[in-house]
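Morning, everyone. Please have the sequence and the model open in front of you. I'll go from the whole chain down to single residues.

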Amino acid sequence: LPRFEQQFLSNSNQSIKQTDRAVIMEAKDSQHLPAKLVVPAIALRGEEDYVKDPIGLETTVVPGGHISPWEQPEAVTQFIKEVIALAGNP
């Protein structure tokens with residue numbers, strides 16, 4: 001597996017619970033943050049996602065909900081390639 005996938009898969013249940021708590025249970029209004037980005041950025045969300053389009057970012061919408069990487073792996077992979085292309089060649 002690529003390094004990113006290994007790191008992602010190695011997250012413990014505790015770290016996943018901490019992330020869920022931070023972004024769902026203790027979420028703050030962050031709608032204004034994308035407008036402050038100083039790097040190129042694009043967003044991705046599922047058609048049925050409860051998260052709305054971020055203000056000021058081009059948004060790609062794929063079929064599915066909040067877990068679109070599992071529901072639409074090919075579309076999400078293509079989106080990730082677009083994000084990488086924004087950064088240019090290393």
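The protein chain has 4 helices and 2 strands. Keep in mind that this is a predicted model. In sequence order, the pattern reads α-α-β-β-α-α.

Now some totals. The protein chain has 90 residues, and 14% of them count as buried. About 7,500 Å² of the chain is exposed. Carbon and sulfur atoms supply 57% of that area. Next, contacts along the chain. Take the contacts with a separation of 6 or more. Residues 24 or more positions apart account for 20% of them.

On to the strands. Find strand β1, residues 42-46. Is β1 largely enclosed or not? Count its buried residues: 4 of the 5. So β1 is largely enclosed by the rest of the structure.

Which strand does β1 join? Its partner is β2, residues 58-62. The two strands run parallel, and 5 bridges join them. Here is one position to look at. Ala 43 stands opposite Thr 59 in β2.

Stay in strand β1 and find Arg 45. Is Arg 45 buried or exposed? Its relative accessible area is 16%. The cut-off for buried is under 20%. Therefore Arg 45 counts as buried.

What does the side chain of Arg 45 meet in a salt bridge? The answer is the side chain of Asp 53, at 2.3 Å from N to O. The side chains of Arg 45 and Asp 53 are also joined by a polar contact of 2.3 Å. How many salt bridges does the count come to? The count comes to 1.

Compare the two ends of that pair. Arg 45 is buried at 16%. Asp 53 has 41% relative accessibility, so it counts as partly exposed.

Arg 45 has other neighbours too. Leave out residues up to four places away in sequence. Then Arg 45 touches Val 51, Lys 52, Asp 53, Thr 59, Thr 60, Val 61 and Val 62. Remember that β2 covers residues 58-62.

Now the surface. Which residues make the nonpolar patch of about 550 Å²? They are Val 23, Ile 24, Met 25, Tyr 50 and Val 51. Val 51 is also one of the residues that Arg 45 touches. Val 23 lies in helix α2, residues 13-25. Its relative accessibility is 53%, so Val 23 counts as exposed.

Last topic: residues far apart in the sequence. Start with Pro 40, in the loop between α2 and β1. Pro 40 counts as exposed because its relative accessibility is 58%. Now find Val 83. Pro 40 and Val 83 are 43 residues apart along the chain. How are their C-alpha atoms separated in space? By 8.7 Å.

Here is a second pair. Ala 87 lies in helix α4, residues 73-87. With 69% relative accessibility, Ala 87 counts as exposed. Its partner here is Ala 41, 46 residues away in sequence. From C-alpha to C-alpha, Ala 87 and Ala 41 are 9.3 Å apart.

Let me recap. Strand β1 pairs with β2 through 5 bridges. Arg 45 sits in β1 and forms a salt bridge with Asp 53. Val 23 is part of the nonpolar surface patch. Pro 40 and Val 83 are separated by 8.7 Å, C-alpha to C-alpha. Thanks, that's my part done.

Conventions:
Residues are numbered from 1 along each chain as its sequence is written. This is a predicted model: local features need pLDDT of at least 70, side-chain atom pairs count only at pLDDT 80 or more; totals for chains, interfaces and linings use all residues. Side-chain values use heavy atoms; hydrogens and water are left out. A salt bridge is a side-chain nitrogen of Lys or Arg within 4 Å of a carboxyl oxygen of Asp or Glu. Buried means under 20% relative accessible area, exposed over 50%, partly exposed in between (1.4 Å probe, protein chains only). Two strands pair if DSSP finds at least two bridges between them. A polar contact is a pair of N or O atoms within 3.5 Å; within protein, one must be able to donate a hydrogen and the other to accept it, and residues adjacent in sequence count only if both atoms are side-chain atoms. Contact means heavy atoms within 4.5 Å. Accessible areas come from the Shrake-Rupley method with a 1.4 Å probe; for residues, only the protein chains shown count as cover. Patches are made of residues with over 30% relative accessible area and no salt bridge: like charges are joined within 9 Å, nonpolar side chains (Val, Leu, Ile, Met, Phe, Trp, Tyr) within 5 Å.
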